[in-house]
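Grab a pencil and open the structure viewer. Below are a few short exercises, each with a worked solution.

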Amino acid sequence: PYGDPDFVSATFLARMMGKPYALFVANSDFDNRPESPAREFLKRFMFKHAIGCLATGESQRAYAEAYMSSQGRVKVIGNPAPALIGLSSMSGESRREVMRKELGWADRFVVLYVGRLAKEKGLFDLIAALKSPELTKNKIHAVFIGNGPCRKELERYAREGSVSIEFQGLINGLELTRRFLSADVFILPSHSEPWGLVVNEAMEAGLPVIVSNKVGSGVNMITPSQCGLSFETGVPDSLASCISLMMNNEELRSQLIARAKKVVEEHSIHNWVNAVVESIKGLGVVQ
């Protein structure tokens, strides 16, 4: 977190006091946001003097190793998401059907997106995919939860085609959990996404997921375990094919959900804490 003044100050203080420090690394090459020369200088300084790094996944490990001068000092610790509020009490097929009726989703295949409405999230690709002929003939309803700089532009683009898209703004707590449990598939089509903890949340809620090949959690959780579908970033036709496959193959959805639950359990908070402790011990900071 080299952009945060507190962490930068802590780094310089540790150097002045002769104390070792390790870095937590969530960045990867999938994060294409622009960097300033000053931030790049601080990043290189912090990596140069760190005794090691705790990286959230394999793509983050590769990112950190590109900056580390010594080998074997980067430990992968995973990246769990906090549990969804009220998940256990709201789960169940009968409860799901009630919630779908309340939301007006009972007779539709619901595609869910949760996150910022920003250009790098690939939402124009998602809308373009939903406009494809193979999808417009079906009762597909897309729900975008979140706000951001591209909301008005996305709404205009959605109105240009015969697609059903609902922009619901910011939603949190029990209402967000209700939508996760009531949707049919979760999609994260980002052009730039170091991880995407919302994917963890969707999998925890029992939602099959589709992600672009630029989403970090896809590389670390979905592709190795085959618990979701991945498509090429910026190719709406590829995304449309994934949506069509998911929509028309109930057996596939069931298989993906079953695998996803096992993967989410492996990425639990408990396992993450153990990984952090053991990694720090492995770096020689504490006994």
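**Exercise 1: Across the β4–β7 pair**

Find the residue in β7 that stands opposite Val 111.

*Solution.* This is a predicted model, so take the positions as computed ones. Start at Val 111 and step across to β7: the residue facing it there is Val 185. Now zoom out to the strands themselves. β4 covers residues 109–114 and β7 covers residues 185–188, and the two pair in the parallel sense over two bridges.

**Exercise 2: Lay out the open sheet**

Work out the strand order of the six-stranded sheet and name its edges.

*Solution.* Read across the sheet and you get β6-β5-β4-β7-β8-β9, an open arrangement with parallel pairing. Next, look for strands that pair on one side only: those are β6 (164–169) and β9 (229–231), the edge strands. Then check the twist. Ignoring direction, neighbouring strands here are turned by 25° against each other on average. Finally, add a helix: α9 (residues 173–182) packs on this sheet and touches β4, β5 (140–145), β6 and β7. The direction of α9 makes about 135° with that of β4.

**Exercise 3: Follow β2 and its partners**

Which strands pair with β2, and are its residues buried or exposed?

*Solution.* Take one partner at a time. β1 (residues 22–25) pairs with β2 in the parallel sense over four bridges, with Leu 23 partnered by Cys 53. β3 (residues 74–76) also runs parallel to β2, joined by three bridges, and here Cys 53 stands opposite Val 74.

Now for the faces. In a regular strand, side chains alternate between the two faces of the sheet. For β2 (residues 52–55), Gly 52 and Leu 54 lie on one side, while Cys 53 and Ala 55 lie on the other. All four are buried, so both faces are covered, taking buried as under 20% relative accessible area.

**Exercise 4: Map the largest pocket**

Describe the largest pocket: what is its volume, and what lines it?

*Solution.* Begin with the volume, about 450 Å³. The lining has 20 residues, and the closest to the pocket's centre are Glu 93, Arg 96, Ala 205, Gly 206 and Ile 257. Next, trace the helices: α4 (87–90), α5 (93–103), α9 and α13 (250–266) each supply at least two lining residues. The largest share comes from α13, with five residues. Last, sort the lining by class: nine nonpolar, four polar and seven charged residues.

Key: Residues are numbered from 1 along each chain as its sequence is written. This is a predicted model: local features need pLDDT of at least 70, side-chain atom pairs count only at pLDDT 80 or more; totals for chains, interfaces and linings use all residues. Side-chain values use heavy atoms; hydrogens and water are left out. Two strands pair if DSSP finds at least two bridges between them. Axes are lines fitted to C-alpha atoms, for helices over the stretch in contact, and angles run from 0 to 180 degrees between N-to-C directions. Contact means heavy atoms within 4.5 Å. On a 1 Å grid over the protein atoms alone, a cavity is a set of points where a 1.4 Å probe fits but cannot get out, and a pocket is an open set with protein on both sides within 12 Å along at least five of seven lines; lining residues have an atom within 4 Å of a point. Grid points are joined across faces, edges and corners, and a volume is the space filled by probe spheres set on the points. Ala, Val, Leu, Ile, Met, Phe, Trp, Tyr, Cys and Pro count as nonpolar, Asp, Glu, Lys and Arg as charged, and the others, Gly among them, as polar. Buried means under 20% relative accessible area, exposed over 50%, partly exposed in between (1.4 Å probe, protein chains only).
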